[in-house]
Amino acid sequence: MGLRRFVVRVVLPTVGLCALVFFSAVPVSCQISEQGIALWERDLTAPVIASWRVTGSDSLEVVFSEAVTMTGAVICSAENSSDAPAAADETYVPSLVQMATRTDTIPAQIDEHNERIVITSAVPLETGANYRVYGETADACGNTLTFSLPFIGYNDHPPELVIVAVHPQYATGQRKGQKVYRNEFVGLYAVTGGNLAGIQIESAHDGAEQSFLLPAVDVRQGMFITVHLRTKGDDCISETPDELAAARQEYASDTALDFWSENEKARLGDDTDVIAIRNSLTGALVDVFAYAPQGLESWQKESFQAVMNEAMAAGLVAETSPTAAVPSDGLTPSKMFARTDGAAIAAGRARELAAAQWTIVPVIERNGTKNLGRFLK
């Protein structure tokens with residue numbers, strides 16, 4: 001009986017990226033007896049990757065559906081590696097033999113703990129850099145799995161971040177005869193300094209797969225960060241901490257660090273959403289902001305309730321019902337939610353969401369002011 005081979009492309013929501021896997025299954029065995037051919041049932045199910053996460057500056061943990069033995073593993077910079085041959089077959093995964101011919105691979109040590117495998121790089125990995133780990137495994141029945149997993153270098157110094165402003169309603173308009181784009185954004189305040197690698201913004205309305213991963217940039221304590229969730233118009237430039245005036249698009253600020261998502265479609269719920277800041281490397285929630293019309297008694301989507309339950313378990317909210325969310329009544333495309341308790345935020349004393357800590361204000365005042373920080377009183 002010949003060897004049957006299958007190709008599978010798996011999307012795992014744990015990190016919001018695609019993993020490529022190739023496995024083969026050993027078919028049933030048979031033997032001839034006086035009664036005829038007897039079939040010996042064999043396990044035809046190849047191991048499945050259940051999850052993976054970065055656990056340190058040089059280590060990655062991969063959890064399988066069953067106990068496995070690894071043939072080997074190597075790590076490559078994602079900028080220099082490719083999962084596709086010339087034909088661009090997205091189901092193709094290079095073998096370890098193929099990867100061994102490369103000059104930029106990093107050898108890795110393997111520690112097997114039944115279903116859990118710890119892969120350790122021979123050298124420390126760069127914070128926030130994009131990598132891929134390639135590996136081959138087999139289970140007790142000989143079913144094999146070749147895989148390629150994306151990950152970013154571990155961040156051991158993330159800043160403490162608080163959501164201080166949210167503009168969820170997209171609009172266009174005119175200013176001095178020119179069309180302007182009023183893109184959705186989320187404003188953050190850095191209570192402490194640190195590196196943003198691995199920090200992402202999620203919307204329960206859009207789904208975690210539409211999350212925006214912040215770049216691996218060092219920010220200073222007290223810095224404002226505006227994450228624009230749509231790129232429409234000119235001068236939508238993602239800035240560096242030493243160049244805060246590069247972005248000139250509507251709602252960019254000379255006193256905030258502006259980042260722009262390449263997305264051009266709608267983002268955030270117009271009047272109802274749960275926005276989360278998450279450390280994608282650890283999975284932990286950093287902060288959450290929920291808004292809904294007054295009188296809404298239950299969330300419109302299960303995803304809203306799920307994030308609120310997680311936020312409550314993390315101590316970020318005292319209640320999970322939309323009745324405790326910040327009221328969105330009175331919100332318009334020219335207005336935003338803004339925090340009003342700046343002193344408490346700066347002192348690190350405002351971790352729980354409370355409607356009284358928020359107000360709805362124009363994004364741009366009549367005098368043209370668009371400094372998010374001025375609303376933190």
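1. Which residue in strand 21 stands opposite His228? In this predicted model, the residue across from His228 is Trp260. His228 belongs to strand 20, residues 224-228, and five bridges join strand 20 to strand 21. Strands 20 and 21 run parallel.

2. The sheet that holds these strands is open and has six members, in the order 21-20-15-12-25-26. Its pairing is mixed. Strand 21 (256-260) and strand 26 (358-362) have a single partner strand each, so they stand at the edges and one side of each lacks a neighbour in the sheet. From one strand to the next, the twist averages 25 degrees. Strands of a sheet pair through backbone hydrogen bonds, in parallel or antiparallel fashion.

3. A separate point concerns strand 9. Strand 9 covers residues 116-121, and five of its six residues are buried, so that the strand is mostly covered. Strand 6 (residues 59-64) is joined to strand 9 by five bridges, and the two run antiparallel. Strand 8 (residues 106-113) is also antiparallel to strand 9, with six bridges between them.

4. Ile119 of strand 9 appears in both pairings. Leu60 has Ile119 as its bridge partner, and Ile110 stands opposite Ile119 as well. The connection from strand 8 to strand 9 is a hairpin with two residues between the strands. Asn114 lies in that turn and has a positive phi of about 60 degrees.

5. How many aromatic pairs does a search of the whole structure find? The search gives eight. One of them is Tyr189 with Phe224, a tilted pair with 5.1 Å centre to centre and 55 degrees between the planes. This pair links distant parts of the chain, with Tyr189 in strand 15 (residues 185-190) and Phe224 in strand 20, 35 residues apart. Both Tyr189 and Phe224 are buried.

6. Phe289 and Phe337 form another ring pair. Their centres are 5.2 Å apart and their planes stand at 65 degrees; the pair is therefore edge-to-face, the cut-off being over 60 degrees. Phe289 is in strand 23 (residues 285-292) and Phe337 in strand 25 (residues 335-339), so the pair links distant parts of the chain, 48 residues apart. Phe289 counts as buried because its relative accessibility is 0%. Phe337 is also at 0% relative accessibility and counts as buried. Ring pairs connect Phe289, Tyr291, Phe337 and Trp358 into a cluster.

7. One charged group is placed over a ring. Arg230 lies over the face of Tyr170, 3.6 Å from the ring centre.

8. Salt bridges come next; a search of the whole structure finds six. Side chains of opposite charge can pair when their charged atoms come close. Arg278 and Glu310 form one of these, with 2.7 Å between the closest N and O atoms. The two residues are 32 apart in the chain and link distant parts of it: Arg278 is in strand 22 (residues 273-279), Glu310 in helix 2 (residues 302-313). Arg278 is buried, with a relative accessible area of 13%, whereas Glu310, at 30% relative accessibility, counts as partly exposed.

9. Asp341 and Arg339 meet through their side chains in a salt bridge of 2.9 Å, N to O. Asp341 has a relative accessible area of 15% and is therefore buried. Arg339 is at 3% relative accessibility, so this residue counts as buried too. Salt bridges with shared partners join Arg53, Glu61 and Arg116 into one network.

10. Within that network, the side chains of Arg53 and Glu61 meet in a salt bridge at 3.4 Å, N to O. Is Glu61 buried or exposed? At 13% relative accessibility, Glu61 counts as buried. Arg53 counts as partly exposed, at 42% relative accessibility.

11. How many disulfides does a search of the whole structure find? The result is zero. Two cysteines can still be described by accessibility. Cys76 counts as buried because its relative accessibility is 0%, while Cys141, at 26% relative accessibility, counts as partly exposed.

How values were computed
Residues numbered from 1 in each chain as written. Predicted model: local features only at pLDDT ≥ 70, side-chain atom pairs only at ≥ 80, totals over all residues. Heavy atoms only, no water. Pairing = 2+ DSSP bridges. Helix = DSSP H or I, 4+ residues; strand = E, 2+ residues; numbered from the N terminus. Axes fitted to C-alpha atoms, helices over the stretch in contact; angles between N-to-C directions. Disulfide = S-S within 2.5 Å. Buried < 20%, exposed > 50% of the residue type's maximum accessible area, 1.4 Å probe, protein only. Phe/Tyr/Trp six-rings, centres within 6.5 Å; stacked < 30°, edge-to-face > 60°. Lys NZ or Arg CZ within 6 Å of the ring centre and 35° of its normal. Salt bridge = Lys/Arg side-chain N within 4 Å of Asp/Glu carboxyl O.
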